[in-house]
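Open the model in your viewer and keep the sequence panel visible. The tour below goes from one selection to the next.

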Amino acid sequence: MFKLYTAPGTCALASHIALEEAGAPYSAERLDFKNSQQTTAEYLAINPKGRVPALVTEQGTLTETPAILAFIASSFPKAKLAPEDSFAFAQAQSFNSYLCSTVHINHAHKMRGYRWAVDETSFADMKRKVPETMAASFALIERDMLKGPWVMGEQYTICDPYLYTISGWLEGDGVDLAALPKVAAHRRRMEERPAAQKVLADLKR
């Protein structure tokens, strides 16, 4: 039995959907970020980074979305959540790494400028830049990276719940989804999947 630590509105949604898609035995524990539950001694003993997701397994705790997604895919090969070809798998990892190391960081500048600067005027400047950087990143995804109907083409993979999660932040970041028809269509396809529907329904409870 795995235990996933998550929080509403975070990238942990990708791992949550992937666990459901894989048919993995798991429980999900929601942290209350508004009350800084992620910085309590109890949670920091689980994940010293003080962030989500964290996936507790019999072998230890995993953090970072690309690593957790790859672990889920390799642990449940029958679910076919990753390409079998080694080069194609590396391409999937490349896509997820881009979401993690570039796109998510673009988004974080809106609310967490204190991670990179101390001057309040710097926070405001970073926040103003977010619509531009998020739009540019997703224009690249739309044009060159989203093969369709799924990220990797015909096969649904661990890239898809991750893209769905990050694309859910676009409107709040001032990006017009109408300018990204392939991404918008991907979102609709994701929301038709039973695993995504179940996870989203559970999060509303």
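The stops are an arginine, a helix and a pair of packed helices.

This is a predicted model, in which local features need pLDDT of at least 70, side-chain atom pairs count only at pLDDT 80 or more, and totals for chains, interfaces and linings use all residues. Residues are numbered from 1 along each chain as its sequence is written, and side-chain values use heavy atoms, with hydrogens and water left out.

**Stop 1: Arg30**

Select Arg30, which sits in strand E2 (residues 26-30). Helices (H or I, at least four residues) and strands (E, at least two) are DSSP runs, numbered from the N terminus. Arg30 has 36% relative accessibility and therefore counts as partly exposed; buried means under 20% relative accessible area, exposed over 50%, and partly exposed in between (1.4 Å probe, protein chains only).

Now add Tyr5: its C-alpha atom is 6.0 Å from that of Arg30, although 25 residues separate the two along the chain. Beyond residues up to four places away in sequence, Arg30 touches Thr6, Ala7, Pro8, Gln37, Asp202, Leu203 and Arg205 (contact means heavy atoms within 4.5 Å).

Which backbone oxygens does the side chain of Arg30 reach? One is that of Leu203, at 3.0 Å. Another is that of Asp202, which lies 3.1 Å from a polar atom of the Arg30 side chain.

**Stop 2: helix H8**

Asp202 leads to helix H8 (residues 194-203), whose buried residues are Ala195, Ala196, Val199 and Asp202. They cover an arc of only 130 degrees around the axis, which puts them on the same side of H8; the arc is that of the directions from the helix axis to the C-beta atoms. To see what covers these buried residues, show elements including helix H1 (12-22), E2 and helix H7 (181-191).

**Stop 3: helices H4 and H5**

Select helix H4 (residues 86-108) and helix H5 (residues 120-145), which pack at an angle of about 160 degrees with their axes 8 Å apart. Axes are lines fitted to C-alpha atoms, for helices over the stretch in contact, and angles run from 0 to 180 degrees between N-to-C directions. H4 and H5 are therefore roughly antiparallel (an angle over 145 degrees).

From H4, residues including Phe95, Tyr98 and Leu99 take part in the contact with H5. Finish on Asn106, also in H4. Is Asn106 buried or exposed? Asn106 is buried, at 14% relative accessible area. Leaving aside neighbours within four places in sequence, Asn106 is in contact with Val130, Thr133, Met134 and Ser137.

Conventions
Polar contact = N/O pair within 3.5 Å; in protein donor to acceptor, adjacent residues only side chain to side chain. Parallel < 35°, antiparallel > 145°, perpendicular 65-115°, else oblique.
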